[in-house]
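Here is a brief report on one chain. It goes from an enclosed space to the overall fold, then to two loop residues.

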Amino acid sequence: MDLPTVETLDRPGGDDEVRALLPGLGTDRALLGGGTWLFSVPQPHLRGLVDLTAAGWTPFTADDDGLTVAATATLAELADLDPAGHPQWPALPLLAECCEALVGSRKVWHVATVGGNVCLALPAGPMITMAAALDGVAVVWDAAGRERREPVVDLVAGPQRTTLAAGDLLRAVHLPAAALRGRTALRKASLSPLGRSAVLLAGRRDGHTDGAFTLAVTAALPRPAVLRYATIPSADGLAADVDALADTHGGWYDDAHGSPAWRHAMTRHLAEEIRTELR
Ligand SMILES: Cc1cc2nc3c(=O)[nH]c(=O)nc-3n(C[C@H](O)[C@H](O)[C@H](O)COP(=O)(O)OP(=O)(O)OC[C@H]3O[C@@H](n4cnc5c(N)ncnc54)[C@H](O)[C@@H]3O)c2cc1C
């Protein structure tokens, strides 16, 4: 939709130009990723946009430390990342699987950005799921020219709430090599086959038979949760820890995509499926 109150559009062409614009961000001036959310609902408070897509950031940087995904990388680029090019990282197929959890056709995938998905902070944000399961770290630039690093799972504070302050920008998400060496499994529940995720879980098993087990629980809670175990937990132990998430993470989420009781039951069920697959 048109945003008739927007009067200025900046398209910074590199890091220096991006940084120079950050102090001017606030309630009436927002960063623009792919715009698939920004242009989907009225934004009467906005007077200006800063389009990040001209910044020229390399979508992916792979080295011995892991994979750094630029905030402007699109979901299509992420889904097309060829796992065969990085055989040392068995977790890579999870990236495409998380993209598929956003049921928005390739048309949406081609413009929606990883950074936009994380910063929008919807409970069903699949880039949040990906980062939570793979120990993803947000690289954030602030308006004073500093850079900080923060686990994505902490950056997302609740539905459409993050720890980002006015003038903060998500520059990238770093996925550490140690996590990418794990085996992964994803499960999703929706009320309809093409519906938005009501429960989105991603598990990771490090090493082979005795490795650590990590379970990211998203969409079913207002903010992401990560359960961690030194080795595979028992079925009862995992179920009890899932049950306890309601107390620590603001209750089972309630919206048009699923009731809290159903989300709780499906989280229990799918967590056990992941545990069984990765044990
Ligand atoms: C058919 C359809 C299905 C969808 N399904 C889902 C779904 O299942 N789950 C889901 O989470 N979303 C869904 N969406 C919403 C949205 O398309 C996605 O969340 C998308 O990934 C947002 O990315 P974007 O780049 O388009 O963000 P934009 O719309 O450009 O921005 C979103 C927000 O993030 C801010 N922002 C963007 N980039 C940065 C940055 N680098 N640093 C700081 N702030 C930034 C913007 O200011 C804005 O507030 C869907 C949309 C459509 C049209």
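A cavity here is a set of grid points where a 1.4 Å probe fits but cannot get out, and lining residues have an atom within 4 Å of such a point. The model is predicted.

**The cavity**

By this rule, the count comes to 1 cavity of 30 Å³ or more. The largest cavity holds about 30 Å³ of space. Which residues line the largest cavity? Its lining includes Leu 122, Pro 123, Ile 128 and Val 156. Thr 218, Ala 219 and Leu 221 also contribute, and so do Pro 222, Arg 223 and Pro 224. By class, 8 lining residues are nonpolar, 1 is polar and 1 is charged.

Where does the largest cavity lie? Domain 2 (60-178) and domain 3 (182-278) both supply lining residues, so the cavity lies between them.

**Domains and overall fold**

The chain is divided into domain 1 (8-52), domain 2 (60-178) and domain 3 (182-278). The centres of domain 1 and domain 3, taken over C-alpha atoms, are 34 Å apart.

The chain has 10 helices and 14 strands. Its radius of gyration is 19 Å, close to the 19 Å that the globule rule gives for 279 residues, so the chain is as compact as a globular protein of that length. The C-alpha trace spans about 55 × 40 × 35 Å along its principal axes.

How much of the chain is buried? Of the 279 residues, 51% count as buried. Contacts are also informative about the fold. Among those with a separation of 6 or more, 61% join residues 24 or more positions apart.

**Two loop residues with positive phi**

Ala 121 has a positive phi, in a residue other than glycine. Asp 135 likewise has a positive phi and is a residue other than glycine. The table sets out their values.

| Residue | Phi | Loop | Relative accessibility |
|---|---|---|---|
| Ala 121 | near 60° | between H5 (114-120) and H6 (126-133) | 0% |
| Asp 135 | near 55° | between H6 and S6 (137-141) | 23% |

Are these residues buried or exposed? Buried means under 20% relative accessible area. Ala 121, at 0%, is therefore buried. Asp 135, at 23%, counts as partly exposed.

Helix H6 (126-133) follows the loop that holds Ala 121. The loop between H6 and strand S6 (137-141) holds Asp 135.

Terms used. Residues numbered from 1 in each chain as written. Predicted model: local features only at pLDDT ≥ 70, side-chain atom pairs only at ≥ 80, totals over all residues. Heavy atoms only, no water. Domains from an automatic or database assignment. 1 Å grid on protein atoms, 1.4 Å probe; cavity = no way out; pocket = protein on both sides within 12 Å on 5 of 7 lines; lining within 4 Å. Points joined across faces, edges and corners; volume = space filled by probe spheres on them. Nonpolar A, V, L, I, M, F, W, Y, C, P; charged D, E, K, R; others polar. Helix = DSSP H or I, 4+ residues; strand = E, 2+ residues; numbered from the N terminus. Rg over C-alpha atoms; globule rule 2.2 N^0.38 Å. Buried < 20%, exposed > 50% of the residue type's maximum accessible area, 1.4 Å probe, protein only. Contact = heavy atoms within 4.5 Å.
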